[in-house]
Amino acid sequence: MPVIMRITAPVADFTGDGPGGIAFVDGTATTSDLAVIGYCQGAGYTVEPLGDDPPDTEQSSEQDGPADTTSTGRSAARSKRG
């Protein structure tokens, strides 16, 4: 079953055709088109799942294992170079 997403336009009261031909009414539209969803996410639109239950975005670190504490800086081998 495709996930239907609510797309909210950057202009709150926009009514008309949006990306990929989705129809906005008073600033919102819905779609399950992954290409349109991806475009909107990168173009300043708010994208959220449409449904009764809020998405489960919080994941327990116990289920996924310990947190990654490695540095994102230079590697030890690279920093030893002269």
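**Helix α1 and its surroundings**

Tutor: Let's start with helix α1: on the face turned away from its buried side sit the exposed residues L34, A35, Q41 and G42. This is a predicted model, in which local features need pLDDT of at least 70 and side-chain atom pairs count only at pLDDT 80 or more, while totals for chains, interfaces and linings use all residues. Residues are numbered from 1 along each chain as its sequence is written, and side-chain values use heavy atoms, leaving out hydrogens and water.

Student: What makes a residue of α1 buried or exposed?

Tutor: Buried means under 20% relative accessible area and exposed means over 50%, with partly exposed in between (1.4 Å probe, protein chains only). V36, I37 and C40 are the buried residues of α1, so each of them falls under 20%.

Student: Why are they said to be on the same side of α1?

Tutor: Because they cover an arc of only 100° around the axis, where the arc is that of the directions from the helix axis to the C-beta atoms.

Student: What makes residues 34–42 a helix?

Tutor: A helix is a DSSP run of H or I with at least four residues, a strand is a run of E with at least two, and both are numbered from the N terminus. Residues 34–42 make up α1, so they meet that minimum of four.

Student: What covers the buried residues of α1?

Tutor: The cover includes β1 (5–8), β4 (28–31) and β5 (46–49).

Student: What makes D33 and A35 a polar contact?

Tutor: A polar contact is a pair of N or O atoms within 3.5 Å; within protein, one must be able to donate a hydrogen and the other to accept it, and residues adjacent in sequence count only if both atoms are side-chain atoms. At the start of α1, a side-chain oxygen of D33 comes within 2.9 Å of the backbone nitrogen of A35, so the pair meets the distance limit of 3.5 Å.

Student: How do you know that β1 and β5 pair?

Tutor: Strands pair if DSSP finds at least two bridges between them. β1 and β5 have four, in the antiparallel sense, so they qualify. I7 stands opposite V47 in β5. The open sheet has three strands in the order β4-β1-β5, with antiparallel pairing. β4 and β5 are edge strands, each pairing on one side only.

Student: Where should I be careful about confidence?

Tutor: At residues 54–62, where pLDDT (the predictor's confidence in each residue, from 0 to 100) stays under 50. Where pLDDT is low, the predicted coordinates should not be read in detail.

Definitions and conventions. Contact = heavy atoms within 4.5 Å.
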